[in-house]
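Hello,

Here is the structure I promised to hand over. Please open it first, then read the notes below.

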Amino acid sequence: MKKSRLLLSATCLLSFLIISTTSFSQTTKHEIGIQMAGFDDFNILYKKQLKKESTFLRVRGTSFSSRFYNQFNGFNTSKDYKSFSVSIGAVVGWEIRVPISDKFNFYHGPEIGLNTGYSNVLDTNSYSVRFTPRIGYVFGFSYNLGERFSIGIETIPGMSTVMRIDNGTFDDSWNVGLGFDQNIALLSLVYRFETERKKKRSKE
C-alpha cells in the first residue's frame with residue numbers, strides 16, 4: 001500500500017514538472033542577416049517573433065553612407081571645392097507569415113521608415129538636410145535552407161516624400177511619390193535562432 005502511494009506521488013510530481021516546463025518555458029524565434037538591392041547596396045535585417053506565432057517584428061537598416069570628395073571645375077581651379085555628405089535610414093514594421101509547405105512561406109505586412117541625409121560644401125557655408133519618410137507594404141516569399149538559414153525575396157511598394165532644409169530655410173516645394181523601396185525585388189539571406197522565454201506565474 002505504501003509503495004502504491006509512493007508510486008502515485010512520484011507520478012503526480014513528474015506530471016507536474018512536465019506540465020510546468022511546457023507551460024512556463026517557451027522559445028522566441030529570431031532572424032538576422034543581410035538584404036541586397038544590388039551588388040553594391042546592402043541592408044541589415046532583423047526579425048523577432050511576437051506573441052502570435054505567425055507574426056514577426058521586422059527592422060531594417062536601409063542605408064548608411066558617407067562621402068568626402070573634391071569637385072573639380074575644369075581649368076578654373078578657383079571654383080574647385082570640397083564637399084561632405086552622410087545619410088542614414090531605418091525601417092520598422094511587422095509581417096504575417098502564411099505557410100505554403102514545411103520550408104516555403106509567404107509573408108506580408110506594413111512598414112514605415114525614415115531616411116535622413118546631410119551634405120555640406122566645406123569651402124562655403126552652404127549645407128542641406130534631407131528627410132525622406134516612407135510607408136510601404138511588404139510582399140515576399142522565404143525558403144528554409146536546413147535548420148538555421150533561409151533565403152527570401154520580397155517587393156515593397158509604397159509612398160514617400162522628400163523634405164529639405166537648405167541653409168536653414170525650409171524648402172516647401174516637396175511632393176509625394178509612389179514607387180518601390182530601393183529596387184523592385186530585394187533578396188535576403190538570414191540566420192535563424194531561438195531564445196528561451198519564460199512566462200511569469202500568476203500569484204494566487
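**What was found**

Thr 27 is partly exposed, because its relative accessible area of 41% falls between the 20% and 50% cut-offs. Note that this is a predicted model. Thr 27 sits in strand β1. Its C-alpha atom is 5.2 Å from that of Arg 197, a residue 170 positions away along the chain. Which residues does Thr 27 touch, not counting those up to four places away in sequence? They are Gln 49, Glu 194, Thr 195, Glu 196 and Arg 197.

**The chain as a whole**

The protein chain has 204 residues, and 25% of them count as buried. Its secondary structure is one helix and twelve strands. The helix comes at the start: from the N terminus, the order is α-β-β-β-β-β-β-β-β-β-β-β-β. Take the contacts with a separation of 6 or more: 58% of them join residues 24 or more positions apart.

**How far to trust it**

The mean pLDDT of the chain is 79. A value of 70 or more is reached by 71% of the residues. Which elements mark the two ends of the range in mean pLDDT? Helix α1, residues 2–24, has the lowest mean, at 45. Strand β7, residues 149–155, has the highest, at 96. Over residues 1–14 the pLDDT is below 50, and this stretch has zero contacts in the model beyond near neighbours in sequence. Residues 16–25 also stay under 50. For that second stretch, the model has ten contacts beyond four places in sequence.

**The largest pocket**

The volume of the largest pocket is about 580 Å³. How many residues line the largest pocket? The count is 31. Nearest its centre lie Lys 29, Glu 31, Phe 56, Arg 97 and Arg 192.

Several strands supply at least two lining residues each. They are β1 (25–38), β2 (41–49), β4 (81–99), β5 (104–121), β6 (127–145), β7 and β12 (186–198). Strand β12 gives the largest share, six residues. By class, the lining has seven nonpolar, twelve polar and twelve charged residues.

**Aromatic pairs**

How many aromatic pairs does a search of the whole structure find? It finds seven. One of them joins Tyr 137 and Phe 139. Their ring centres are 5.1 Å apart, with 50 degrees between the planes. That pair counts as tilted. Tyr 137 is partly exposed, at 32% relative accessible area. Phe 139 is partly exposed too, at 38%.

Phe 149 and Tyr 191 make another pair. Their ring centres are 5.4 Å apart. Their planes meet at 65 degrees, so the pair is edge-to-face. Phe 149 belongs to strand β7 and Tyr 191 to strand β12, so this pair ties together parts 42 residues apart in sequence. Both strands also help line the largest pocket. Are these two rings' residues buried, exposed or in between? Phe 149 is partly exposed, with a relative accessible area of 41%. Tyr 191 is partly exposed as well, at 34%.

There is also an aromatic cluster. Its members are Phe 104, Phe 106, Phe 141 and Tyr 143.

**Ser 142**

Ser 142 lies in strand β6. Is Ser 142 buried or exposed? It is buried: its relative accessible area is 11%, and the limit is under 20%. Leaving aside neighbours within four places in sequence, Ser 142 is in contact with Lys 103, Phe 104, Asn 105, Tyr 107, Ile 151 and Gly 152. One of these, Phe 104, is also a member of the aromatic cluster. The C-alpha atoms of Ser 142 and Ser 188 are 8.8 Å apart, while the two residues are 46 positions apart along the chain.

**Where to begin**

Start with Thr 27 and Arg 197, whose C-alpha atoms are separated by 5.2 Å. Then turn to the residues nearest the centre of the largest pocket, among them Lys 29 and Arg 192. Leave residues 1–14 for last, where the pLDDT is below 50.

Best wishes

Definitions and conventions
Residues are numbered from 1 along each chain as its sequence is written. This is a predicted model: local features need pLDDT of at least 70, side-chain atom pairs count only at pLDDT 80 or more; totals for chains, interfaces and linings use all residues. Side-chain values use heavy atoms; hydrogens and water are left out. pLDDT is the predictor's confidence in each residue, from 0 to 100. Helices (H or I, at least four residues) and strands (E, at least two) are DSSP runs, numbered from the N terminus. Contact means heavy atoms within 4.5 Å. On a 1 Å grid over the protein atoms alone, a cavity is a set of points where a 1.4 Å probe fits but cannot get out, and a pocket is an open set with protein on both sides within 12 Å along at least five of seven lines; lining residues have an atom within 4 Å of a point. Grid points are joined across faces, edges and corners, and a volume is the space filled by probe spheres set on the points. Ala, Val, Leu, Ile, Met, Phe, Trp, Tyr, Cys and Pro count as nonpolar, Asp, Glu, Lys and Arg as charged, and the others, Gly among them, as polar. Rings of Phe, Tyr and Trp (its six-membered ring) pair if their centres lie within 6.5 Å; planes under 30 degrees apart count as stacked, over 60 as edge-to-face and the rest as tilted. Buried means under 20% relative accessible area, exposed over 50%, partly exposed in between (1.4 Å probe, protein chains only).
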